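Work through the exercises below with the sequence and the model open. Try each task before reading its solution.

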Amino acid sequence: MTESINSADCVVVGGGLLGLLTARRLAQEGMAVTLLERGALCRESSWAGGGILSPLVPWQYTDAISRLVERSQHDYPLLMAELLEQSGIDPEWTQSGMLMLDTVPDTRVTAWAERFHCRLETLDADRVQLAEPALTAASGPAVLLPGVAQIRNPRLCQALAVALQMQGVTIREQCTVTRLLIRDQVVNGVETEAGPVHANCVVIAGGAWSAQLLQGMGRELPVKPVRGQMILFQAPPGMLRHIVQGAGHYLIPRRDGLVLAGSTLEHVGFSNETTSQAREELMQAAFSIAPGLADYPVIRHWAGLRPGSPEGIPFIGEHSEISGLYLNTGHFRNGVVMAPASAELLVDGLQRRDSFTDPAPYAFWPGRGLSGAGVDTAPESGI
Ligand SMILES: Cc1cc2nc3c(=O)[nH]c(=O)nc-3n(C[C@H](O)[C@H](O)[C@H](O)COP(=O)(O)OP(=O)(O)OC[C@H]3O[C@@H](n4cnc5c(N)ncnc54)[C@H](O)[C@@H]3O)c2cc1C
């Protein structure tokens with residue numbers, strides 16, 4: 001194990017959920033890990049996300065995504081229990097179920113549900129009203145995925161930060177990585193604004209900014225920012241019971257009554273400002289799903305930059321041309337749910353052992369994403 005403050009066995013660049021969970025897995029392997037974050041931990045996409053532990057329309061995604069989702073969904077309850085014990089912080093993993101309004105499953109959907117062990121029920125309009133009395137009376141049949149859970153991702157990040165410190169991971173915030181140190185196609189660390197940190201293993205988990213670190217190194221990493229805005233209603237506990245999708249949007253009720261309404265998909269570069277137009281769009285969509293929300297104030301409005309990638313399939317594994325350089329990025333709309341499985345897959349590859357799935361679909365191979373499917377071709381609409 002390497003000991004110096006300016007060296008480590010492995011450097012992780014980026015303190016979002018992907019970076020934190022990767023650092024946790026690496027430390028569990030007995031490695032000396034240094035995590036470098038440009039700002040404060042988890043203030044970007046991993047803070048802004050809604051915390052639904054499922055893609056919005058899960059059967060519309062490729063198997064490469066469904067496999068990571070299924071693995072993470074299975075692992076989340078144990079991870080939550082461990083983090084609660086280690087940190088005393090409860091990220092509120094809650095199996096609220098996800099109700100998809102005006103949706104009727106066809107045989108393709110039921111076949112997908114069987115393959116990925118996803119429970120799925122069809123509700124007629126009366127049962128929808130019974131399940132969620134706050135919904136507009138005009139709701140038609142719906143699909144309920146009762147196994148879908150949610151977490152409060154900012155709390156998950158806080159719990160992870162405490163757990164990492166207990167594991168001995170060195171965390172350096174306000175520390176921007178300016179370039180990678182590479183000699184003869186082998187990585188040997190990173191340069192930061194505060195000097196170099198040497199390591200034979202570097203993991204890039206820089207979210208929407210990941211491609212910047214690979215600039216000028218031949219192939220462009222097709223990861224681009226896609227802005228998402230959300231608003232927060234201060235509603236009473238129990239007003240909504242499920243995550244609800246309708247009108248191309250979604251509502252997420254927290255245990256304390258707060259209801260998140262999301263989201264937008266905007267290609268505006270690295271701007272993460274909020275707009276009054278999006279606020280209005282989100283409010284109108286929320287009222288069309290649950291009219292009673294109009295009685296409660298919007299207490300917060302924010303934006304985050306998702307790391308968009310072709311088909312939403314993340315890049316996980318070693319760079320094909322630079323030894324010791326690894327990627328764990330490009331999780332687009334599903335980074336919270338895919339994070340635990342992505343960290344496991346990455347570290348299994350780094351340790352040269354078999355993992356729960358074939359790593360090939362996640363490799364950064366020449367041309368991936370540069371022809372055919374472009375960034376942000378993952379399903380967009382909630383319905
Ligand atoms: C509105 C919205 C709703 C969402 N809802 C959900 C949901 O319900 N479920 C779900 O699964 N996913 C959701 N997502 C997606 C999810 O939030 C992201 O996929 C995930 O958080 C990406 O995590 P990350 O760690 O890759 O990136 P980030 O959280 O953005 O972290 C990357 C970090 O790297 C740091 N960094 C970048 N460059 C450098 C550098 N040079 N040096 C040092 N540090 C650097 C950044 O400062 C940042 O902290 C949502 C996203 C948004 C915006």
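## Exercise 1: Ligand contacts

An oxygen atom of the ligand sits 2.8 Å from a polar backbone atom of Val 337. The model is a predicted one.

**Task.** Find which backbone atoms of Phe 332 and Gly 335 approach an oxygen atom of the ligand, and at what distance. Then state how much of the ligand the protein buries.

**Solution.**
- Step 1. Start with Phe 332: a backbone N or O atom lies 2.8 Å from a ligand oxygen atom.
- Step 2. Move to Gly 335: here a backbone N or O atom is 3.1 Å from an oxygen atom of the ligand.
- Step 3. Apply the cut-off: a polar contact is a pair of N or O atoms within 3.5 Å.
- Step 4. Turn to the area. The ligand alone exposes 1,000 Å², and the protein buries 97% of that.

## Exercise 2: The shell

**Task.** Describe the residues around the ligand: which come nearest, which elements supply them, and how do they divide by type?

**Solution.**
- Step 1. There are 38 residues around the ligand, and Glu 37, Ser 46, Ile 52, Phe 332 and Val 337 come nearest.
- Step 2. Map the shell onto the fold. Helices α1 (17-28), α2 (45-48) and α9 (335-350) each supply at least two residues. Strands β11 (224-234) and β15 (298-308) do so too.
- Step 3. Sort by type: 17 residues of the shell are nonpolar, 16 are polar and 5 are charged.

## Exercise 3: The disulfide of Cys 10

**Task.** How many disulfides does the structure hold? Which parts of the chain does the disulfide of Cys 10 tie together?

**Solution.**
- Step 1. The structure holds 2 disulfides.
- Step 2. Cys 10 pairs with Cys 201, with the sulfur atoms 2.3 Å apart.
- Step 3. Place both ends. Cys 10 is in strand β1 (residues 10-13), and Cys 201 is in the loop between β9 (195-198) and β10 (202-204), so the bond ties together parts 191 residues apart in sequence.
- Step 4. Check burial. Cys 10 is buried, at 0% relative accessible area. Cys 201 is buried as well, at 6%.

## Exercise 4: The disulfide of Cys 42

**Task.** Is the disulfide between Cys 42 and Cys 157 left-handed or right-handed? Where are its two ends?

**Solution.**
- Step 1. Cys 42 is joined to Cys 157, with an S to S distance of 2.3 Å.
- Step 2. The torsion about the S-S bond is about -65 degrees, so this disulfide is left-handed.
- Step 3. Cys 42 lies in the loop between β2 (33-36) and α2, while Cys 157 lies in helix α6 (residues 153-167). The two are 115 residues apart.
- Step 4. Both ends are buried: Cys 42 has a relative accessible area of 6%, and Cys 157 has 5%.
- Step 5. Count bonded cysteines along the chain. The pattern is 1-4, 2-3.
- Step 6. Cys 175 is in no disulfide; the nearest cysteine sulfur, that of Cys 10, is 15 Å away. Cys 175 counts as buried, at 6% relative accessibility.

## Exercise 5: The whole chain

**Task.** How does the radius of gyration of the protein relate to the globule rule?

**Solution.**
- Step 1. List the elements: the protein has 9 helices and 17 strands.
- Step 2. The radius of gyration is 21 Å, close to the 21 Å that the globule rule gives for 383 residues, so the protein is as compact as a globular protein of that length.
- Step 3. Add the extent: the C-alpha trace spans about 65 × 40 × 40 Å along its principal axes.
- Step 4. Finish with burial: 58% of the 383 residues are buried.

Conventions. Residues numbered from 1 in each chain as written. Predicted model: local features only at pLDDT ≥ 70, side-chain atom pairs only at ≥ 80, totals over all residues. Heavy atoms only, no water. Near = heavy atom within 4 Å. Polar contact = N/O pair within 3.5 Å; in protein donor to acceptor, adjacent residues only side chain to side chain. Areas by Shrake-Rupley, 256 points an atom, 1.4 Å probe, with all protein chains shown as cover. Helix = DSSP H or I, 4+ residues; strand = E, 2+ residues; numbered from the N terminus. Nonpolar A, V, L, I, M, F, W, Y, C, P; charged D, E, K, R; others polar. Disulfide = S-S within 2.5 Å. Buried < 20%, exposed > 50% of the residue type's maximum accessible area, 1.4 Å probe, protein only. Rg over C-alpha atoms; globule rule 2.2 N^0.38 Å.
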